[in-house]
Amino acid sequence: MRQLYFILLVCLFTAPASGDTIRIMNPATANNLFGMSSLLEVPAGKVSIDQLLEQPAAYRFVPAENNLIKPYDRRYGYWLRLTIENQTPESLYMHFVYTGTERILVYEVADNQVLTVHRLGMLQPERVFPFLKSNQVCPLAVGQGQMHLVYVYVEGIYTTAWPIYCRSTANLFEALHRSDLFYGLYYGFILMIVVYSLLLFVRLRETDTFRYAVWVFIVGLQMALFRGHTGEFLWPANPAIERYATVLAGITGLTHVLFTLAFLRLRHQAPLFYNIGLGILGLYAVGILINILTLSVFARSGVQVDFVPIVALVEGIFSVWAGVVTYRRGFRPALFYVIGNLVFFLSIFVFLLYAFGKLPHSFWTYNSMHIGSGIEIILFTLALTYKVNLLKQQQEEAVREQLRLAEKNRQLVEDQNAMLEEKVALRTVELNEQKEGLQTTLAQLRTTQDQLVQREKMASLGELMAGIAHEIQNPLNFVNNFAEVSVDMLAELKDELNAGHKQDVLDIADALTPNLQKITFHGKRADAIVRGMLQHAQSSNGHREPTDINALAGEYLRLAYLGLRAKNEDVAITLSTSFDPNVGLVDLMPQEMARVMLNLYNNAFYAVLEKKKKAPAGYQPQLWVTTQLKNGRVAFTVKDNGTGIPTELLNKIYQPFFTTKPSGSGTGLGLSLSYDIITKGHGGTLSVNTEQGECTEFEVAIPV
């Protein structure tokens with residue numbers, strides 16, 4: 001009796017716990033294994049094959065159903081258990097129709113021993129697959145007349161639909177051939193549409209064609225992701241990238257919105273929808289970031305948060321609504337756009353019903369999104385073509401209108417030419433007469449201009465003369481005084497000679513020597529003043545010579561101020577100078593530079609005196625003159641605290657004959673001549689910095 005109990009216990013623990021045995025009898029047909037297997041939900045990675053084999057009664061398998069699977073939740077793993085009996089002479093294969101499952105482990109068991117282990121799933125590297133990675137296929141060791149127990153462990157399931165087939169060699173290759181043919185045609189179609197759209201973009205330079213090409217390419221990439229072709233061809237050695245490739249859904253939505261905004265011309269046709277589209281772009285960006293964060297930062301929790309499908313639903317409603325609105329406003333290509341969106345959304349709905357087990361697995365349900373996207377792309381291409389034809393018609397109408405206008409313009413031109421020829425003949429006679437008159441006027445103007453320039457020079461000379469008169473009076477007074485004293489001393493000398501006082505004669509002779517030296521010194525000083533006056537009066541020879549610009553600036557400042565005091569002895573202006581001793585000698589034309597200095601000094605004197613007439617008591621006119629060596633240039637600056645220059649007159653101050661002085665007080669040539677002397681004669685700059693009612697500062701910069 002104990003032996004009987006022992007035999008029954010062994011049979012209980014070793015017999016397959018699944019329901020019916022799956023008998024493979026016809027090698028020409030495919031057998032769906034999922035519906036005939038048992039399912040066990042476990043914490044991910046917590047139950048091993050050894051535990052299942054050693055303690056089969058400890059784990060409760062239930063009949064497999066789609067609604068028992070929790071997609072997108074990596075906290076759970078699932079064990080499938082089934083018994084396969086091969087009654088054919090063919091080799092058998094398990095074919096997992098690709099659903100993006102991350103990890104699949106297949107254990108084939110006989111006599112409670114693991115015979116083979118196969119590792120599949122999108123996170124497995126390409127090298128472990130006996131077939132291409134997108135074909136999740138593993139061979140079975142069960143021979144004809146044999147019966148093996150098969151355990152399948154899966155993690156990271158993205159859909160509840162999980163079709164598993166048992167196929168013979170011929171049946172498997174036929175299924176793979178049909179699949180490869182369909183996807184090859186699909187991707188070829190995608191590539192053709194992308195190239196066609198890019199050619200349209202190159203020809204028309206319409207942004208919607210380029211955005212359409214990008215969107216179609218991303219759609220093809222996303223469909224390839226759904227079928228495992230990205231991991232097979234793009235990153236076979238890095239399967240972990242496949243997880244992050246789910247963000248392609250968000251990128252597809254982004255490119256679709258960008259195409260919608262351009263194709264439907266929402267910025268102009270419907271600004272409200274354009275702003276809504278921009279908001280959806282932001283939602284897609286947020287959804288993509290959330291997806292990436294949950295995949296990278298929160299991967300250990302096992303739960304993936306995918307916000308993109310909700311945004312895609314909102315974007316679908318927005319796209320159809322925007323297309324209907326623009327169609328009702330007369331944009332006919334929007335009809336194809338609306339129908340294409342509706343077809344694609346219908347295909348998504350069909351696929352979702354299939355993915356959650358509401359529709360059976362078939363070629364049409366499994367590939368519903370590929371078929372829907374293909375029809376949508378065809379309709380969108382028709383919409384683009386329709387739009388291109390409309391643009392072409394509009395261009396042709398525009399060309400015809402331009403030709404009509406050109407013909408009309410040609411006739412007008414001919415009529416106008418006839419009239420113009422008559423007017424030209426009359427006008428030519430008038431112009432010849434005017435030419436002769438203008439030539440005469442020009443000669444007179446040149447003569448007048450030369451006279452005005454000379455007058456300006458003489459005016460500055462006249463203002464200088466008063467200062468020179470005061471300046472030359474001092475040495476002449478010294479000469480006269482010492483000459484009179486010397487005459488008296490000579491008379492005294494004669495008297496002493498007659499008296500025979502030799503020592504007194506010598507003393508008088510010694511006293512005469514300093515007097516004569518002072519007469520010589522002051523005579524040379526007067527001579528230098530006269531020579532400087534003559535140099536200022538004569539025309540410049542155009543040659544530069546080393547000149548002490550500090551001495552030149554100080555000398556003419558003194559002469560200009562003396563000339564001003566000669567006219568009005570009550571004038572009191574505080575003069576401040578700051579001459580840089582590092583300036584040294586500068587190559588310049590001294591006579592021309594002296595004229596510039598006199599013009600700037602006289603203008604500054606005029607400004608401070610005018611301000612004094614209107615300023616309150618306590619105002620003290622001041623003038624600052626500085627020289628400085630900086631950045632390879634000698635800067636000569638004249639600043640006053642006078643009336644300043646109005647901003648609106650700054651662009652006129654260097655124009656010939658422009659003056660702000662009353663009539664008869666100036667010719668308007670001072671600053672004009674100074675500007676030409678500095679910029680053309682010395683290659684420097686003449687700039688002004690002023691504040692109306694406060695100050696004016698002129699700076700002359702000459703390269704050294």
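How exposed is K630, in terms of relative accessible area? Select K630 to begin the tour: its relative accessible area is 33%, so it ranks as partly exposed, a class lying between buried (under 20%) and exposed (over 50%), computed with a 1.4 Å probe on protein chains only.

Before moving on, note that this is a predicted model, in which local features need pLDDT of at least 70, side-chain atom pairs count only at pLDDT 80 or more, and totals for chains, interfaces and linings use all residues. Residues are numbered from 1 along each chain as its sequence is written, and side-chain values use heavy atoms, with hydrogens and water left out.

**Between two strands**

Add E699 to the selection, and the side chains of K630 and E699 are found to meet in a salt bridge at 3.5 Å, N to O. Because K630 belongs to strand β15 (residues 622-630) and E699 to strand β18 (residues 695-703), this pair ties together parts that are 69 residues apart in sequence; strands here are DSSP runs of E with at least two residues, helices are runs of H or I with at least four, and both are numbered from the N terminus. E699 is also partly exposed, with a relative accessible area of 24%.

A salt bridge here requires a side-chain nitrogen of Lys or Arg within 4 Å of a carboxyl oxygen of Asp or Glu, and by this rule the count comes to 13.

**Along helix α13**

Next select E407 and R410, whose side chains form a salt bridge at 2.5 Å, N to O. These two residues are three apart in helix α13 (residues 368-499), which means that about one helical turn separates them. E407 is partly exposed at 42% relative accessible area, and R410 is partly exposed at 38%.

Continue to R427 and E430, which also lie in helix α13, three residues apart, and whose side chains meet in a salt bridge at 2.7 Å, N to O.

**Where α10 meets α11**

Finally, select helix α10 (residues 308-328) together with helix α11 (residues 334-355), which pack at an angle of about 160 degrees with their axes 8 Å apart. The axes are lines fitted to C-alpha atoms over the stretch in contact, and angles between N-to-C directions run from 0 to 180 degrees. The two helices are therefore roughly antiparallel to each other, a term used for angles over 145 degrees. Among the residues making the contact (heavy atoms within 4.5 Å) are G316 and Y327 of α10 and A334 and F345 of α11.

Key:
Parallel < 35°, antiparallel > 145°, perpendicular 65-115°, else oblique.
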